[in-house]
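Please open the model in your viewer and keep the selection tool at hand. This tour moves from one selection to the next and says what to look for at each stop.

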Amino acid sequence: MSNAVVSAFKNKQLRKKLLFTTLILIVVRFGSQLPIPEIDSAQISAYLKSTLGDSFSLLNSFTGGSFMQMSVFALSVTPYITSSIIMQLLTIAIPKLEEMQKDGEDGRKKIAEYTRYLTVGLALFESCAMAVGLGGKGLLLEDHRNIWGYLTVVAAMTAGSALLMWIGERITDNGVGNGISIVLLINIVSGTPQDMMTLYERFMAGRSGAGATVSGIIVLAIIVAIVVFVLVLNDAERRIPVQYSKKMQGRRMIGGQSTYIPLKVNTANVIPVIFASSLMSFPGIILALLGKSAGTGIGGKIITGLSSSSWCNPQQPVYSLGLLLYIVLVVFFAYFYTSISFNPLEIANNMKKQGGFIPGIRPGKPTSDYLNKILNYIVFIGAVGLTIVAIVPLLASGLLDVSRISFSGTSLIIIVGVVLETIKAVESQMLVRYYKGFLND
């Protein structure tokens, strides 16, 4: 990994892309601290903390602390993630969108355009809901509690979300890696120092030297073990052997080579946990903006039950039902995303046209059925692995009463997944540059 980074900085074009990405991320962090005009950020932050408590720790982590501070980037990339979920669901439900998705690059560009429009619409809806819901709670300064003050808040939040979407696309086009994922990564990592301080205060502060050392080693070992498990999960794959028949072309016999189809165990990467977390947080936001406080009334109990900080608590086991819903969503999105990104029937037909076959399996539909069977099996293993990574920190947090940290298993999955994805993107661009240079020579 270190060699790849060093080699990347030696390459002039890649160095520019890395510097561009770094500068853009600095702008993201600056915007996360930039308050909305005419807003009483201190009062609204105190209200959110007192009303919601730890219910939105993961959401606040995804926004890099912007949500609790009500900054310009308070909505972060969550509207874009939600709109992506909706568009992918509509792709299955609406045949025209399904045809558009299969229509190559032009179709994907059109779907991406629709996703942008939907993102702005969702950002506008969420910002209006937040302005109205928090308007009577001290959101605005007293002198600006009028229609223009509310419009300023709505415009700032909507523009901030749209700007982050644009920044993510610019990173994808001109930088390194997937821009939206990298923005999400930098937001999560920004809260890591505070999380480490919380762990220190909970397990090490006030203890003797030996006790503090043992506690620190145990916490570090758990984090390292989860990271290693995520690395193994991301790299694990099932290789399906493929044999190509020999055939005559002119006077030469060609073909006959052996290869394989790599089926990754974690096919969907970090997508299931991001989608599941976003959907789990959305109802809570709506209920909170309607004045439902965490833990009070039916709406408040729903907010608490959907919060990961309330799960695995022995004193209130009923709230762990939210964890069951989270597990179901992770498994569902693992299968769903795999189904739209990998088509066994198309793979089988392409293999048949090229004279390829899986040893012991007939070409055509039998091959498709075999691939589908194997895929369902390994996707389930990948979903279970993602669930384990998400649950272990939650169990530790609930049993050991560490509810103030946002650095969860979900955050680790996202961090490791995005870092690996970015490193592979750097290596692939270096490989392309190498081959271009070789061919030019």
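**Stop one: a pair within one helix**

Begin by selecting Lys110 and Glu113, which both belong to helix H8 (residues 104–135) and sit three residues apart, about one turn of the helix. Before going on, please keep in mind that what you are looking at is a predicted model. Show the side chains of the two residues, and you will find that Lys110 and Glu113 form a salt bridge, in which the closest N and O atoms are 3.9 Å apart. That distance falls inside the cut-off, because a salt bridge asks for a side-chain nitrogen of Lys or Arg within 4 Å of a carboxyl oxygen of Asp or Glu. If you now add a surface, Lys110 is partly exposed with a relative accessible area of 36%, and Glu113 is partly exposed as well, with a relative accessible area of 25%.

**Stop two: from H8 across to H9**

Stay with helix H8 and select Arg116, then add Glu169 to the selection; Arg116 lies in H8 and Glu169 in helix H9, so this pair ties together parts that are 53 residues apart in sequence. The two side chains meet in a salt bridge, with 2.6 Å from N to O. Is Glu169 buried or exposed? At 17% relative accessibility, Glu169 counts as buried, whereas its partner Arg116 is partly exposed, with a relative accessible area of 30%.

**Stop three: H9 beside H2**

Next, colour the whole of helix H9 (residues 147–174) and the whole of helix H2 (residues 12–32), and turn the view until you can follow both axes, which come within 10 Å and cross at roughly 170°. Angles over 145 degrees count as roughly antiparallel, and H2 and H9 are therefore roughly antiparallel to each other. To see where they touch, select Lys17, Phe20, Thr21, Ile24, Leu25 and Val28 on H2, together with Leu164, Ile167, Arg170, Ile171 and Asn174 on H9. If you colour these contact residues by type, they divide into seven nonpolar, two polar and two charged.

While H2 is still in view, select Lys16, which is found in this helix and is exposed, with a relative accessible area of 55%. How far apart are the C-alpha atoms of Lys16 and Asn174? They are separated by 9.1 Å, although the two residues are 158 residues apart along the chain.

**Stop four: a residue in a loop**

Now move to Ser76, whose place is in the loop between helix H5 (66–69) and helix H6 (78–93). If your viewer lists backbone angles, look up phi for Ser76, which is positive at about 50° although this residue is not a glycine. With a surface shown, you can also check that Ser76 counts as buried, at 1% relative accessibility.

**Stop five: three aromatic rings**

Select Phe332, Phe333 and Phe336, which form one aromatic cluster, and display their rings. The structure as a whole holds three aromatic pairs. In one of them, the rings of Phe332 and Phe333 have their centres 5.2 Å apart and their planes at 65°, so the pair is edge-to-face. Phe332 also pairs with Phe336, and here the arrangement is stacked, with 5.8 Å from centre to centre and 15° between the planes. Both Phe332 and Phe336 lie in helix H15 (residues 321–341), where they are four residues apart, about one turn of the helix.

Which of these residues are buried, and which is partly exposed? Phe332 counts as partly exposed, at 44% relative accessibility, while Phe333 is buried with a relative accessible area of 2% and Phe336 is buried with a relative accessible area of 6%.

**Stop six: a salt bridge in H17**

Finish the tour at helix H17 (residues 365–400) by selecting Asp369 and Lys365, which are four residues apart in this helix and so are separated by about one helical turn. Their side chains form a salt bridge, the closest N and O atoms being 3.0 Å apart. Here Asp369 counts as partly exposed, at 42% relative accessibility, whereas Lys365 counts as exposed, at 56%. How many salt bridges are there by the rule used at the beginning of the tour? The count comes to five, and the pair of Asp369 and Lys365 is one of them.

How values were computed: Residues numbered from 1 in each chain as written. Predicted model: local features only at pLDDT ≥ 70, side-chain atom pairs only at ≥ 80, totals over all residues. Heavy atoms only, no water. Axes fitted to C-alpha atoms, helices over the stretch in contact; angles between N-to-C directions. Helix = DSSP H or I, 4+ residues; strand = E, 2+ residues; numbered from the N terminus. Parallel < 35°, antiparallel > 145°, perpendicular 65-115°, else oblique. Contact = heavy atoms within 4.5 Å. Nonpolar A, V, L, I, M, F, W, Y, C, P; charged D, E, K, R; others polar. Buried < 20%, exposed > 50% of the residue type's maximum accessible area, 1.4 Å probe, protein only. Phe/Tyr/Trp six-rings, centres within 6.5 Å; stacked < 30°, edge-to-face > 60°.
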